[in-house]
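Look at the model first. Then work through the questions, setting each value against its definition.

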Number of protein chains: 2
Amino acid sequence: MKEKRTIQSVQKLIVAFFRASRRMPSYAEMIDILGVRSKSVVNFWINKLIDAGILEKDGKGRLTFTKRAFAVPKVGSVQAGFPSPEEESLCDIMSMDEYLVTKPDASFLLQVSGDSMIGEGILEGDLVIVEKGRQPKNGDVVIAEVDGEWTMKYFKRQGKQIVLEAANPKYPLIKPKTELRLGGVVTAVIRKYHQ
Amino acid sequence: MKEKRTIQSVQKLIVAFFRASRRMPSYAEMIDILGVRSKSVVNFWINKLIDAGILEKDGKGRLTFTKRAFAVPKVGSVQAGFPSPEEESLCDIMSMDEYLVTKPDASFLLQVSGDSMIGEGILEGDLVIVEKGRQPKNGDVVIAEVDGEWTMKYFKRQGKQIVLEAANPKYPLIKPKTELRLGGVVTAVIRKYHQ
DNA sequence: CCTTATATAGAACATTCGTTCTATTGTCAA
DNA sequence: TTGACAATAGAACGAATGTTCTATATAAGG
């Protein structure tokens, strides 16, 4: 009734620890994690994982995960057919954070209310990542204050005039008269379905 | 011309290291990171960060970030007005990964092609997170194989019959005749604007 | 000037780290 | 049974760890 240790099972245990603690376990801790009784056994399995390309050692000899170990596999497109586990082209997205939030210091999350950007696929309840202090390009989705109220709109130039346009025909075009306070540029949209 | 060290600047340096290396620096490494010449100075600042609630020590005395230190601040809704840095209600989203991918082992990413789910705010080029092996509820967005082709559709029950419906009127309702192979349930949508 | 508090330096320390060695156990085939 | 090999155990070791101590430099206030 002894379940054998495999590279996969060991990887799973260590990944679970890392996700929970946000750090690598020490060899001493891995004794308990892996259910063995000696650090040399831990070392044995660690070397296996290194050979398998799941772990690696950084410049200072510290154990780290390779991108492979952590990445959520990204497969082709929907229409291209469905993935078999083998052909999963492991993508280079190490973490959603790195992928989505390029400037953590200047970014914040905002929950969307209203349907003014529904044509852009931004629905009520979605989270958007907003980057402060960036100069918007024509057509960017921005957070802006108009007449004392904050809204999410397309940022567009009409000649020298700047206008704010909703992605919903039922909202009028906004031509700011005096000032236009920009809160930031929307760099990403996140929607999580309740489960 | 000496720039003073502050709690914020020290936090920033350590967070930067953590993001780059996915681990805490040792005190010896922090000597270089903080630009000081002694571990006792590092210890001095670390204690300050602990008092400030930015760092903490886990059960084994290991240094870890608190949720506060990492979270992208989440503020209210767009219409509710715009956030000032003070009123930022730091949200409990520690990382996008944790928030979006609840079952890392059973999930993968898929890039969307086509406009069949445009009514659901899922556009061409978006990434969706798909969870395998979950039983879909009525109205869930699923990846399914129909007549040898994979598509993304709403999963709906009509009595005992299961139908697949696009969120785009130009696509017909699909009533699978024989088999319905489910690839998974879409649990999240991610859109990143090119920058 | 002197006093006080803060920030930094450097050294010393016990503890823990990862590594490596030898020895033992278990498994499977011949 | 025997041999061969993989997996595990346990001990030993130098190196690195975080902590704590004393001492020095800097700045502000009286």
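**Two DNA strands and a two-fold axis**

Of the atoms of DNA strand C within 4 Å of the protein, 54% belong to sugar or phosphate, and the rest belong to bases. This is a predicted model, where local features need pLDDT of at least 70, side-chain atom pairs count only at pLDDT 80 or more, and totals for chains, interfaces and linings use all residues. Residues are numbered from 1 along each chain as its sequence is written, chains are lettered from A and ligands numbered from 1 in the order in which they are written, and side-chain values use heavy atoms, with hydrogens and water left out.

Q: What makes a residue count as near DNA strand C, and which residues come nearest?
A: One of its heavy atoms must lie within 4 Å of the strand. There are 17 residues around DNA strand C. A:Tyr27, A:Lys39, A:Lys57, B:Arg5 and B:Ser38 come nearest.

Q: Why is the pair formed by B:Ser40 and DNA strand C called a polar contact?
A: A polar contact is a pair of N or O atoms within 3.5 Å; within protein, one must be able to donate a hydrogen and the other to accept it, and residues adjacent in sequence count only if both atoms are side-chain atoms. An N or O atom in the side chain of B:Ser40 is 2.8 Å from a base oxygen of DNA strand C. That value is within 3.5 Å, so the pair qualifies.

Q: Which other side chains have polar atoms by the phosphate oxygens of DNA strand C?
A: A:Ser26 has a side-chain N or O atom 3.1 Å from a phosphate oxygen of this strand. For B:Trp45, a polar side-chain atom lies 2.8 Å from a phosphate oxygen.

Q: Which elements give two or more residues to the surface near DNA strand C?
A: Helices are DSSP runs of H or I with at least four residues, strands are runs of E with at least two, and both are numbered from the N terminus. Helix H2 (27-34) and H3 of chain A contribute, together with H3 of chain B. H3(B) gives the most, with 5 residues.

Q: Which residues come nearest DNA strand D?
A: They are A:Arg5, A:Ser38, A:Trp45, B:Tyr27 and B:Lys57, out of 17 residues around the strand. Sugar and phosphate account for 53% of the atoms of DNA strand D that come within 4 Å of the protein.

Q: How do you know that A:Ser38 makes a polar contact with DNA strand D?
A: An N or O atom in the side chain of A:Ser38 is 2.6 Å from a base nitrogen of the strand. The limit is 3.5 Å, so this pair counts. At A:Arg37, a polar backbone atom is 2.8 Å from a phosphate oxygen of DNA strand D. H3(A) gives the most to the surface near this strand, with 5 residues.

Q: Why is the relation between chain A and chain B called a two-fold axis?
A: Copies are superposed by least squares on the C-alpha atoms of residues with pLDDT of at least 70 in both. Chain B is laid on chain A by a turn of 180 degrees and a shift of 0.0 Å along the axis, with an RMSD of 0.1 Å. That is the relation of a two-fold axis. In chain B, the C-alpha of B:Gly121 is nearest the axis, 1.9 Å from it.

Q: How do you know that the same surface serves both copies?
A: Contact means heavy atoms within 4.5 Å. Of the contact residues of chain B, 100% recur in chain A.
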